[in-house]
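Student: I have a structure to study and would like to work through its interior. Can we start with what the words mean?

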Amino acid sequence: MQTPAPSAFRLSVAPMMDWTDRHCRYFHRLISPHARLYTEMVTSAALVRGKQLRLLEHSQQEHPVALQLGGSDPAELAEAARHGAAAGYDEINLNVGCPSDRVQSGKFGACLMREPALVGDCVKAMRDAVDIPVTVKCRIGVDDQDEYADLQHFTETMIAAGVEILVVHARKAWLQGLSPKENREIPPLDYERVYRLKREFPQLVIVINGGITTAEQVQAHLGQVDGVMLGRAAYHDPYVLARVEAALYGQPLPDRDDILRHMRPYIEAELARGTALKHITRHLLGLYQGEPGARGFRRLLSEQAHLPDAGWELLERAMLPKRAVAA
Ligand SMILES: Cc1cc2nc3c(=O)[nH]c(=O)nc-3n(C[C@H](O)[C@H](O)[C@H](O)COP(=O)(O)O)c2cc1C
């Protein structure tokens with residue numbers, strides 16, 4: 001297996017259920033040529049037992065793109081990883097960070113932080129099944145795992161299983177009493193724990209995630225770890241990806257209207273194959289975040305994208321009042 005250089009993991013957009021679908025990823029790719037994109041989590045059961053291979057659909061423009069899997073059955077995950085590799089994904093990522101109840105009942109996600117040996121078996125099975133990198137996204141701990149030693153042991157087990165790239169959401173998950181949303185907000189961020197991991201396991205590519213919202217913060221983290229993964233900030237204010245591109249790769253800042261116009265062929269092709277406009281435009285609402293007219297843009301799309309004859313011309317109209325405000 002050819003492992004990509006650590007620089008391939010410098011910038012990424014997090015897997016987010018219901019958000020980072022293929023339309024969203026296509027849009028993010030237009031803004032960020034370099035970011036590694038992650039799918040929403042797909043369970044191994046859905047692919048293997050449910051045979052829902054349509055969940056793997058994506059477009060060529062999305063590369064590099066990683067398929068995130070959820071599960072804890074090594075054989076089933078291996079089979080799911082095989083489907084992912086055959087579909088053309090560049091990486092398989094295992095979710096060991098998601099705290100939702102549904103996920104806990106299926107014994108996967110963050111509760112697996114307590115079972116490093118099982119996660120190691122899952123990783124080994126997937127690595128044996130595919131030639132693309134198998135990576136893990138985890139938390140710094142769960143519940144009473146307050147000691148750095150727990151994270152250290154988890155990491156050693158991952159390395160022994162062959163993991164070369166670890167994405168760490170720099171907060172614990174509290175599995176009792178907090179909703180998934182609260183679990184992204186309430187447990188405090190502890191970046192230092194992730195930095196320490198990098199210092200102690202310098203050979204491991206470490207990507208840090210959690211609460212990162214600006215290009216300046218991205219650059220500061222890159223002084224300590226190999227990569228930065230943006231989640232909510234990239235979704236709510238996607239233009240932050242353009243700012244990060246400019247800071248890291250010297251890309252000129254693109255014009256927001258141009259980004260939108262580059263979506264036109266994609267949107268028209270999707271409409272022609274029966275996709276409803278609203279399924280695409282919902283990901284575009286934050287494009288003008290912080291700009292004059294942003295609210296009008298958002299409102300027009302929110303109110304009209306679901307109408308039966310809504311098409312590209314709605315986006316042209318949505319751009320107009322924004323310009324009037326700016327003038
Ligand atoms: C709506 C939503 C859905 C998410 N779904 C997933 C998921 O499917 N898999 C996963 O590993 N993390 C998921 N996460 C967590 C993010 O990947 C990320 O770890 C978290 O939001 C912290 O990063 P941020 O502060 O940059 O948003 C989700 C987050 C959000 C907001």
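Tutor: A nonpolar core is a set of buried Ala, Val, Leu, Ile, Met, Phe, Trp, Tyr and Cys residues joined through side-chain atoms within 4.5 Å. Keep in mind that this is a predicted model.

Student: Which helix gives the most to the largest nonpolar core?

Tutor: The largest nonpolar core has 107 residues, and Leu69, Val96, Val136, Phe154, Leu166 and Leu230 touch the most other members. With seven residues, the top contributor to this core is helix H5 (residues 116–129).

Student: Where does this core lie with respect to domain 1 and domain 2?

Tutor: Residues of this core come from both domain 1 (6–249) and domain 2 (256–326). The core therefore lies between them.

Student: Is Thr39 buried or exposed?

Tutor: Thr39 is part of strand E2 (residues 36–43). Buried means under 20% relative accessible area. Thr39 has 3% relative accessibility, so Thr39 counts as buried.

Student: Which backbone nitrogen does the side chain of Thr39 reach?

Tutor: Leaving aside neighbours within four places in sequence, the contacts of Thr39 include Pro15, Val65, Gln68 and Tyr89. At 2.9 Å, the side chain of Thr39 reaches the backbone nitrogen of Gln68.

Student: Within what arc do the buried residues of H14 fall, seen down its axis?

Tutor: Helix H14 (residues 294–304) has Ala294, Phe297, Leu300 and Leu301 as its buried residues. An α-helix has 3.6 residues a turn, so residues three or four places apart point the same way. The buried residues of H14 line one face of the helix, because they fall within an arc of 140°.

Definitions and conventions
Residues are numbered from 1 along each chain as its sequence is written. This is a predicted model: local features need pLDDT of at least 70, side-chain atom pairs count only at pLDDT 80 or more; totals for chains, interfaces and linings use all residues. Side-chain values use heavy atoms; hydrogens and water are left out. Buried means under 20% relative accessible area, exposed over 50%, partly exposed in between (1.4 Å probe, protein chains only). Helices (H or I, at least four residues) and strands (E, at least two) are DSSP runs, numbered from the N terminus. Domain bounds come from an automatic or database domain assignment. A polar contact is a pair of N or O atoms within 3.5 Å; within protein, one must be able to donate a hydrogen and the other to accept it, and residues adjacent in sequence count only if both atoms are side-chain atoms. Contact means heavy atoms within 4.5 Å. The arc is that of the directions from the helix axis to the C-beta atoms.
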